[in-house]
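Biologist: I would like to go through the aromatic rings of a protein model with you, and to ask at each step what a label rests on.

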Amino acid sequence: SREYLSAIEQYPPENTRQRYAIAYSMGKPVLILACQLADISGDRLASPEGGVAKVLSKQYKERVIVCGNLVSSGLHGVAFSKQINEDAAWRIAAEILYKIRRAEKLAGVVNFSIIKDIKGDQTEVAKTLERYSYRKIQTDPDMVLQLAAGVQTFDDYLAMLSSKYRNRIKKIQAGIEQAGLVCKKLIVDEACDEEIHKLYLNVESRAKTRLATLPKGYFKGLADNLGDRFACYGIQKGETIIGFVTVLKDSNIAVAYYVGFDYQQNEQQPIYFRLLQLVIECAINMQCSEVHFGRSALEPKANLGAKPVETYVWARHRVPVVNYFVRKLFRNVPFDEAPERSAMKGT
């Protein structure tokens with residue numbers, strides 16, 4: 001939404017800048033692109049241990065145009081009307097990305113074009129991009145939980161689960177309560193934003209890949225811009241927040257957005273697992289029928305009944321010869337397979 005993009009405009013990661021384009025037919029808009037230009041250094045792509053690898057990581061730098069954005073998971077970079085078919089839409093999108101890349105040449109060469117994240121039924125139609133030398137890279141799957149039509153409360157959700165997985169959830173809830181920890185919806189003002197941003201950095205600093213880091217103020221920006229389409233739930237020990245999770249409502253989908261927690265506290269109590277449960281509680285309160293948990297920590301999300309949906313990014317290098325080797329390299333990029341779980345009754 002424009003409100004979501006406004007939050008990113010106000011509080012952008014320091015290495016990104018937003019770009020937009022609209023395609024018209026007979027004076028009417030038929031396609032829109034929301035993109036990011038990003039400067040990505042080697043130390044953001046991986047965490048080198050030291051020596052030569054550390055030196056090279058600092059020297060390596062790529063300028064990338066991303067259809068979508070680096071701080072969300074999903075196909076958030078392109079939308080088109082029903083006046084054009086999907087094959088034509090992807091042709092237009094590829095042409096627009098080329099024009100943006102050429103227009104940015106004076107500020108520095110843009111080597112890579114990336115479209116993220118295409119999944120499910122969209123994957124087949126997006127093969128049109130291969131004509132423009134884009135190649136798909138499979139990433140970790142998005143874990144998606146489907147909520148039945150009759151689910152109105154968290155107890156209704158629990159009734160969907162087999163006893164083994166239902167009992168696990170109740171055990172986690174009981175452990176949190178017995179430890180004297182409190183789960184509550186947070187009002188994200190400046191003080192709260194500062195507190196949860198530190199917890200977010202705890203998690204961000206441990207990630208192997210950190211393509212873009214959210215600045216302080218971003219969560220408050222989301223709260224201010226999105227209103228009741230944004231929620232933040234926290235776990236408190238006394239007056240101190242020791243874990244939080246944010247949720248965005250996108251139509252009938254609840255998107256588990258960013259999470260942060262105190263790792264020492266998490267070793268003593270299952271803070272992270274309880275935060276995942278709070279996402280489901282929030283989704284039910286938002287009257288959503290799907291929960292998109294994202295691509296990390298696949299096993300605990302499978303234990304909640306979420307199923308994997310294959311996800312791809314499509315990438316292209318501007319130099320044809322390099323693009324040939326990139327294509328071969330992409331075939332070997334590792335990704336995690338989601339574990340098989342039968343958390344739901346009858347599955």
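Modeller: In this predicted model, tyrosine 4 and tyrosine 257 are both buried.

Biologist: What makes tyrosine 4 and tyrosine 257 an edge-to-face pair?

Modeller: The centres of the two rings, tyrosine 4 and tyrosine 257, are 6.3 Å apart, and rings pair if their centres lie within 6.5 Å. Their planes stand at 70°, and planes over 60 degrees apart count as edge-to-face, so the pair of tyrosine 4 and tyrosine 257 is edge-to-face.

Biologist: Why can one say that this pair ties together parts of the chain that are apart in sequence?

Modeller: Because tyrosine 4 belongs to helix H1 (residues 2-10) whereas tyrosine 257 belongs to strand E10 (residues 253-261), the pair ties together parts that are 253 residues apart in sequence.

Biologist: Why are phenylalanine 261 and tyrosine 272 called a tilted pair?

Modeller: Their ring centres are 5.7 Å apart, which is within the 6.5 Å needed for a pair. The planes of phenylalanine 261 and tyrosine 272 are at 45°, and since planes under 30 degrees count as stacked and planes over 60 as edge-to-face, the pair is tilted. Phenylalanine 261 lies in strand E10 and tyrosine 272 in helix H11 (residues 271-285), so this pair ties together parts that are 11 residues apart in sequence.

Biologist: How do you know that phenylalanine 261 is buried, and what makes tyrosine 272 count as buried?

Modeller: Buried means under 20% relative accessible area. Phenylalanine 261 has a relative accessible area of 7%, so phenylalanine 261 is buried, and tyrosine 272, at 13% relative accessibility, counts as buried too.

Biologist: What makes isoleucine 253, which lies in strand E10, count as buried?

Modeller: Its relative accessibility is 18%, and with the cut-off set at under 20%, isoleucine 253 therefore counts as buried. Leaving aside neighbours within four places in sequence, isoleucine 253 is in contact with Leu248, Cys288, Glu290 and His292.

Biologist: What makes you say that arginine 206 lies over the face of tyrosine 263?

Modeller: Arginine 206 is at 3.6 Å from the ring centre of tyrosine 263, and the distance needed is within 6 Å, together with a position within 35 degrees of the ring normal. Lysine 136 likewise lies over the face of tyrosine 312, at 4.6 Å from the ring centre.

Biologist: How many aromatic pairs does the structure hold, and which residues do ring pairs link into a cluster?

Modeller: The structure holds 12 aromatic pairs, and ring pairs link Tyr4, Tyr200, Tyr218, Phe219, Phe244, Tyr257 and Tyr258 into a cluster.

Terms used
Residues numbered from 1 in each chain as written. Predicted model: local features only at pLDDT ≥ 70, side-chain atom pairs only at ≥ 80, totals over all residues. Heavy atoms only, no water. Phe/Tyr/Trp six-rings, centres within 6.5 Å; stacked < 30°, edge-to-face > 60°. Helix = DSSP H or I, 4+ residues; strand = E, 2+ residues; numbered from the N terminus. Buried < 20%, exposed > 50% of the residue type's maximum accessible area, 1.4 Å probe, protein only. Contact = heavy atoms within 4.5 Å.
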